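Please work through the following exercises with the sequence and the model open beside you. Each task is followed by a solution that goes step by step.

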Amino acid sequence: MALWDSLKNLFTHLIHPWLFMAISAQHLPQTVTGIISSGEFYKFLSPSAFSEALFGNFWATVGPRVKAAAEERVIPLLEGRVSGGRIHADVVGTPVHGTVIEIGAGSGMWADVFARIGAGSGSTAKDGARRRNQAVPSITKIYGVEPNPLSTAALRKRVEDVGLGDVYEIVPVGIESASDPDAWAGQIQPGSVDCIVGVLCLCGIPDPEENIKHLYKLLKPGGHWYVYEHVKATRGGPLISLYQRLVNIPWSFFLGSCRLCRSTRDSLLAAGPWQKTDLVQPPDEPPYKVLPHILGTLTK
Ligand SMILES: C[S@@+](CC[C@H](N)C(=O)[O-])C[C@H]1O[C@@H](n2cnc3c(N)ncnc32)[C@H](O)[C@@H]1O
């Protein structure tokens, strides 16, 4: 019975990425008609532009489900209740606070969590009392970096809906342009940010090493980077690594700029000196997972 359960589990993990791609494929007709009706015909000639449009439609369907599955890890992470990849009942670290950059904010799926943890009129009296008891400062400013115009429109509505309108500023460019004064109206100064939050987004940014180093420079000394990302498989042996690389080929078309085999943990650790690193694969993930994660916090 145990062997049968293990085989079933292995099979589920092996087909998991194909299910995502099948859902993405179901959005092909909608993507084609969307491009035709917007007149952006160049997207038919550019595989990257087409797959970004496809991803936008796919994520509108799948994003809420991915959020629901990730909540059990991401909420404790942002509340400072994760260490060694495990979730704790009590605060064991530092909750998100001060000036925050949310990388790849998407449609604002985590905005309600920021509001609850302590920003804007969305935070409750209970949240405020919890913060005061723990002497944790509240969130004073959030820069939501998001280049996809469809997502920024949804993000704008979402931050208003959760009461973050006066705290949340949308940076409507890719992270590679977030410090370019010509790319958007504001600027984020080096060493001015208390916390960086990245949820399932470093898999899709261009030049990850360079851009992660750039983000590192924006953090204050003592600042925190909260990480929940899917990464290159390292614990499942050569067959799982090979399988992940093969799956990555169609994945790159169906999932926009997302890549399966990034060594994001290495890139983050190499970004600069860290006072404290607590970033591991959650111990409850099996080694043969084709979409393994890293979870935790880095302190500059
Ligand atoms: C998988 S989605 C995750 C969205 C959100 N973090 C969430 O958990 O719902 C990845 C996001 O990264 C965004 N993205 C893509 N390229 C980016 C870039 N160069 N800089 C910042 N974000 C980017 C995508 O538009 C997308 O919204």
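A residue is called buried under 20% relative accessible area, exposed over 50%, and partly exposed in between, with a 1.4 Å probe and protein chains only. The model is a predicted one, in which local features need pLDDT of at least 70 and side-chain atom pairs count only at pLDDT 80 or more, while totals for chains, interfaces and linings use all residues. Residues are numbered from 1 along each chain as its sequence is written, and side-chain values use heavy atoms, with hydrogens and water left out.

**Exercise 1. Salt bridges**

Find the salt-bridge partner of Lys43, and classify both residues by accessibility.

Solution. A salt bridge is a side-chain nitrogen of Lys or Arg within 4 Å of a carboxyl oxygen of Asp or Glu. The partner of Lys43 is Glu40, with the closest N and O atoms 3.1 Å apart. Lys43 has a relative accessible area of 16% and is therefore buried, whereas Glu40, at 30%, counts as partly exposed.

Next, determine which parts of the chain are tied together by the salt bridge between Asp284 and Arg73.

Solution. Begin with the distance: the closest N and O atoms of Asp284 and Arg73 are 3.1 Å apart. Then place the residues: Asp284 lies in the loop between strand 8 (276–280) and strand 9 (293–299), and Arg73 in helix 4 (residues 47–78), so the pair ties together parts that are 211 residues apart in sequence. Here helices (H or I, at least four residues) and strands (E, at least two) are DSSP runs, numbered from the N terminus. As for accessibility, Asp284 is exposed at 59%, while Arg73 is buried at 12%. Arg73 also meets the side chain of Glu285 in a salt bridge of 2.9 Å, N to O. This pair links distant parts of the chain as well, since Glu285 is in the loop between strand 8 and strand 9, 212 residues from Arg73 in helix 4. Both Arg73 and Glu285 are buried.

**Exercise 2. Cysteines**

Explain why Cys195 and Cys203 form no disulfide.

Solution. A disulfide is a pair of cysteine sulfur atoms within 2.5 Å, and a search of the whole structure finds zero of them. For Cys195, the closest cysteine sulfur, in Cys201, is 15 Å away, which is too far for a bond. For Cys203, the closest one belongs to Cys258 at 3.7 Å, again too far for a bond. Cys195 is buried, with a relative accessible area of 0%, and Cys203 is buried at 4%.

**Exercise 3. The ligand site**

Identify the residues that come nearest to the ligand, and list polar contacts made there.

Solution. A residue is near a molecule if one of its heavy atoms lies within 4 Å of it. Of the 18 residues around the ligand, Gly104, Trp110, Glu146, Ile175 and Glu176 come nearest. A polar contact with the ligand is a pair of N or O atoms within 3.5 Å. On the backbone side, a polar atom of Gly104 is 2.8 Å from a ligand nitrogen. Among the side chains, Glu146 places a polar atom 2.6 Å from a ligand oxygen, and an N or O atom of Glu176 is 2.9 Å from a ligand nitrogen. Taken alone, the ligand exposes 590 Å², of which the protein buries 91%; these accessible areas come from the Shrake-Rupley method with a 1.4 Å probe.

Methods. A polar contact is a pair of N or O atoms within 3.5 Å; within protein, one must be able to donate a hydrogen and the other to accept it, and residues adjacent in sequence count only if both atoms are side-chain atoms.
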